[in-house]
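Colleague: I am new to this structure. Please pick one part of the fold, take me through it closely, and show me how it sits in the whole.

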Amino acid sequence: MRSARWGLATVMTALALLSGAQAADAPKPGGTLVIGSTQVPRHLNGAVQSGIATALPSAQLFASPLRYDADWKPQPYLAQSWELAPDAKSLTLHLRHDAVFHDGQPVTSADVAFSVMAVKQNHPFQSMFAPVESVDTPDPYTAVLRMSQPHPAILLALSPALMPVLPKHIYGDGQDLKNHPRNSADVVGSGPFKLKEFKPGQEIVLERFDKFFLPGKPYLDRVVVKINPDATNLLIGLERGEVGALPFMSEPTILRRAKDNPGITMSSRGYEGIGALSWLAFNTARKPLDDVRVRQAIAYAIDKNFITKALNAGFAKPADGPIVASSPFATQDLKKYPLDPKKAEQLLDEAGFKKDGKGERLSLTVDYMPGSDVQGKNVAEYLRSQLKKVGVTVQVRASPDFPTWAKRIASHDFDMTTDIVFNWGDPVIGVHRTYLSSNIRDIIWTNTQSYKNAKVDAVLAQAGTETDEAKRRALYAEFQQQVTADLPIDFLTVIPYHTLSSKKVHGLPEGIWGVLSPLDDTYLQ
């Protein structure tokens, strides 16, 4: 009997401890999460603006048809189910019946139809919805996207960061959507949070939407995005407990300091879809960079290990191709350029650039995008000293601000430039734009390299309509092999984005879009 009583007491104690642990782990409603950001959004409508500055608040204000998990799998959101037609030329979305906008109006298929076409007409990523010709609305909760051709990126394009569902009764008033007054004030969406206040360049205050369609969500009462261009000041705020989370941190001094702080959690998860690459772009329409041997020589003269280990303090990883390694479409079968100064000099000799009496072969200018010394200015200065070793004189040209740099590159007024460009999940969305000859335009982050290869155009066109996953991977492997051989861009590093957070913050999204996803599962403990 004593043994039995002892056993029962042990079991009861264990159950009590388990119950206490479960209660401690259970999401706790309430509280304010302060997110620090160096990014300055012009407005809050992700339907007409790309980039993380707008996407972060937009994903909280506006719900999207789908969301994505960490395994690249689409999950229900406003659409509770969906099916692709056998010919892959139409996608039917079955919407929830209980979703409402922040002003109480129901979310219907008319809103989805309006939003898809609005994004197609106004978003910078023109390829994202290019095949969509129309959206049918047979009933208030069914939307059918009709496409001119199969579009394998269509589901990914319905993500929070890319496809906010706008209220037609507000944005369909005939005003220019890109400059609509409701992009910044009195913003109405159907996401987990509603806008309380937007102070441009200072902060965005979001409050819990009590009628959000997911029961019990969100857990937080308020999300405040504090904007400060100085990442060190933001980190100090995190250390003091004034800030709860810092996403998109990549500066090595910041990461080193955070890594040594036991009160800070560091995570590199949640950036797989964004796919941020740092690279050196060549103006292939300008001599002598129109000669592939010169471009390859420059690549062989660059030590990527130095850039990743010394300039990035070991947090970054080398990049070798146009598709980030975390993508399901990446391949390792690439033309690679390990440090080889002798090979560089041989190629320059073959291209006709012999050393003169001073040991010089040719002179080039390198620009860099302002805003990140590590990925921009520091790399440019490194190139100046490094390329001198093989006889290439490099002048570093600084721009006083981002618009000046963007105008120079967009107008093709450059020899070489460092840059940071995102894959945005599917190559159709974020990769094709850089390499299609049809996209050589006077707009930043298009094919500003003036790269032309008919074979690449054809392969990308085929990959952009192929629905068989294995065949699509093979096409993108062929594309990557060709581009790394032609080398319109020398790929340097994968940007080491991390999210730094207080130990009190739990449930930050770690799907492929990270904090560019709704924060409805985030809570404070």
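Modeller: Start with the record. An unreviewed UniProt entry annotates residues 73-435 as "domain: Solute-binding protein family". This is a predicted model. In the model, residues 73-435 are 27% helix and 23% strand. The C-alpha atoms at the two ends of that stretch lie 27 Å apart.

Now the part to look at: strand 16. Strand 16 runs over residues 392-397. One face of the strand is covered, and it carries Val 392, Val 394 and Val 396. The other face is uncovered, with Thr 393, Gln 395 and Arg 397. Why do the residues take turns like this? In a regular strand, side chains alternate between the two faces of the sheet.

Next, the partner. Strand 15, residues 362-367, pairs with strand 16 in the parallel sense. Six bridges join the two strands. One bridge to find by eye links Leu 362 to Val 392 in strand 16. That valine belongs to the covered face.

How does the chain get from one strand to the other? Follow helix 10, residues 373-388. Strand 15, helix 10 and strand 16 form a β-α-β unit, and the unit is right-handed.

Step back to the sheet. It is an open sheet of six strands, in the order 14-18-13-17-15-16. The pairing is mixed. Strand 16 stands at one edge and strand 14 (317-318) at another; each has a single partner strand, so one side of each has no neighbour in the sheet.

The mixed pairing shows up further along the order. Strand 13 (residues 276-282) and strand 18 (residues 489-494) pair in the antiparallel sense, over five bridges. There, Leu 277 has Val 494 of strand 18 as its bridge partner.

Last, the whole chain. The protein chain has 15 helices and 21 strands. Its C-alpha atoms fill a box of roughly 95 × 65 × 50 Å along the principal axes. The radius of gyration is 25 Å, which agrees with a compact globule of 525 residues, because such a globule would have a value near 24 Å. Buried residues make up 55% of the 525. Among contacts with a separation of 6 or more, 70% join residues 24 or more positions apart. The accessible surface comes to about 21,900 Å², and carbon and sulfur atoms hold 50% of it.

Conventions
Residues numbered from 1 in each chain as written. Predicted model: local features only at pLDDT ≥ 70, side-chain atom pairs only at ≥ 80, totals over all residues. Heavy atoms only, no water. Buried < 20%, exposed > 50% of the residue type's maximum accessible area, 1.4 Å probe, protein only. Helix = DSSP H or I, 4+ residues; strand = E, 2+ residues; numbered from the N terminus. Pairing = 2+ DSSP bridges. Right-handed = clockwise from strand over helix to strand, strands pointing away. UniProt positions renumbered as here; feature names shortened; annotations may be inferred. Rg over C-alpha atoms; globule rule 2.2 N^0.38 Å. Contact = heavy atoms within 4.5 Å. Areas by Shrake-Rupley, 256 points an atom, 1.4 Å probe, with all protein chains shown as cover.
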